[in-house]
Amino acid sequence: MPNVLLNQTCNRNCPYCFARKKLIMDGLPPKNIEFDDVVYILDFLDKTNEKVISYLGGEPTLHPQFADILRYTLSRDFRITVFTNGMIEEPVLEEILKIREDFDIAEGMLRFVVNTNEAEIRTEEENMMQRRAWKALGDMAMISFNIFRVDHDYSFILDIINEYGLFKQVRLGLAAPVVGADTESMSPKDYENVLTRLTDFSDECDESDVKLGFDCGFVMCKLTDEQLGRLFRNSTGLSFGCGPAIDIGPDLSVWNCFPLVDEETLYLKDYDNLQQLHEEFMKRYETELKTMGVYEECADCKYLKRGLCMGGCMAHYRVSAPAPKKSKPGKAKG
Ligand SMILES: C[S@@+](CC[C@H](N)C(=O)[O-])C[C@H]1O[C@@H](n2cnc3c(N)ncnc32)[C@H](O)[C@@H]1O
Ligand code: SF4
Ligand code: SF4
């Protein structure tokens, strides 16, 4: 599912944010996607009958035509996931509720994945705005949490889901590093501890009928067989993969994923369809994904060779070793 950046501005400043290199900070004019380019992207996806799309940013709900973009996308029968920090202005929330009524939306056609930080780094304004959003969105909203320390206390997540009747799933991300940016991230040497805590949390979730959903970059070998079993039962499915995510910027530039944003920028209009873009990124990273990993032992791992685990997030070994020489991107054959 491609991720479309509606803008490059944000009203929050998360310590782990991997979009930082793409964010335009204070004092500069916001860079918003043009409505016509949204239409272009939907036409592009339609060519291969790809009817799912994610909107993000920056903070996508700050785009002045956010509601119009949602309406238009739904009218084209796309299933939408909006990645938001939940700091949604009241008039925008009201528009979303009107859209829900007007379109009589089937479950899952419009989902808001609300990136929620733990209490100690939330501001009062953030608390107020997120509470308002959860109350308004109810089961259209799903909590998302980025792990950037070993000792997070996850219990607050279930409290919020239960209090506001949110969708019973949690998106979990291991905060990935960004090459050349000073962001907080989760080191692979701590994965074992993190995964032990997460497995315990998954049992608590199971008691409330809440499932965990894992983002890219998790590794298999730091879980015991017993933990693998519990996580399998308590999650939407286990996969230990690495990209391509396929992010499309407001200027229609395209990159593999935020942490690798400097490595290869393609341009959407040079490609005929999503499949070609996917192939282009796979071509670039294929060899590395089959031979490298975040641990030394990945090099000899039979599960990596079988494709069961991709050895964690490539950005980790980029931080310590430079990327191989850039190949000149060519148009993939259709
Ligand atoms: C860059 S944010 C932009 C949208 C919105 N502002 C938000 O925070 O959800 C898009 C997605 O990236 C995730 N994210 C941010 N930094 C990350 C990191 N270092 N590693 C993994 N995911 C990250 C967020 O949780 C969110 O799901
Ligand atoms: S993760 Fe989202 S909310 Fe946080 S700073 Fe980045 S773009 Fe903003
Ligand atoms: S390098 Fe791979 S695992 Fe890391 S964020 Fe990108 S796609 Fe995900």
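Reader: Over how many bridges do E6 and strand E7 pair, and in which sense?

Author: Keep in mind that this is a predicted model. E7 covers residues 211-214, and one bridge to find is that of Gln-169, whose partner in E7 is Lys-211. The two strands, E6 and E7, run in the parallel sense, and the number of bridges is four.

Reader: What handedness does the β-α-β unit of E6, helix H6 and E7 have?

Author: Start at E6, residues 169-174, and look for helix H6, residues 191-207. Together with E7 they make a β-α-β unit, and its hand is right-handed.

Reader: And on the E5 side, which residue of E6 is the bridge partner of Ile-147?

Author: Strand E5 spans residues 141-147 and pairs with E6 in the parallel sense over five bridges. Ile-147 belongs to that pairing, and its partner in E6 is Leu-174. The chain gets from E5 to E6 through helix H5 (residues 155-164), in a crossover that is right-handed.

Reader: Are the residues on the two faces of E6 buried or exposed?

Author: In a regular strand, side chains alternate between the two faces of the sheet. Here Gln-169, Arg-171 and Gly-173 sit on one side, with Val-170, Leu-172 and Leu-174 on the other. Six of the six residues in E6 fall under the 20% cut-off, so both faces turn out to be buried.

Reader: Is Asp-102, the salt-bridge partner of Arg-71, buried or exposed?

Author: Arg-71 and Asp-102 form a salt bridge, with their closest N and O atoms 3.1 Å apart. The pair links helix H2 (residues 66-75) to helix H3 (residues 90-103), 31 residues apart. Arg-71, at 24% relative accessibility, is partly exposed. Asp-102 is at 51%, and because the cut-off is over 50%, Asp-102 counts as exposed.

Reader: Which residues are joined into one network with Asp-203 and Arg-233?

Author: The side chains of Asp-203 and Arg-233 meet in a salt bridge at 2.9 Å, N to O. Asp-203 lies in helix H6 and Arg-233 in helix H7 (residues 225-234), so this pair ties together parts 30 residues apart in sequence. Salt bridges that share partners bring in the others: Asp-200, Glu-226 and Arg-230.

Reader: How many charged residues does the shell around ligand 3 have?

Author: The residues around ligand 3 include Cys-216, Cys-242, Cys-257 and Cys-313, along with Leu-260 and Met-314. Gly-217 and Gly-243 are there too. By class the shell has eight nonpolar and two polar residues, and as for charged ones, there are no charged residues.

Methods: Residues numbered from 1 in each chain as written. Chains lettered and ligands numbered in written order. Predicted model: local features only at pLDDT ≥ 70, side-chain atom pairs only at ≥ 80, totals over all residues. Heavy atoms only, no water. Near = heavy atom within 4 Å. Nonpolar A, V, L, I, M, F, W, Y, C, P; charged D, E, K, R; others polar. Buried < 20%, exposed > 50% of the residue type's maximum accessible area, 1.4 Å probe, protein only. Pairing = 2+ DSSP bridges. Right-handed = clockwise from strand over helix to strand, strands pointing away. Salt bridge = Lys/Arg side-chain N within 4 Å of Asp/Glu carboxyl O.
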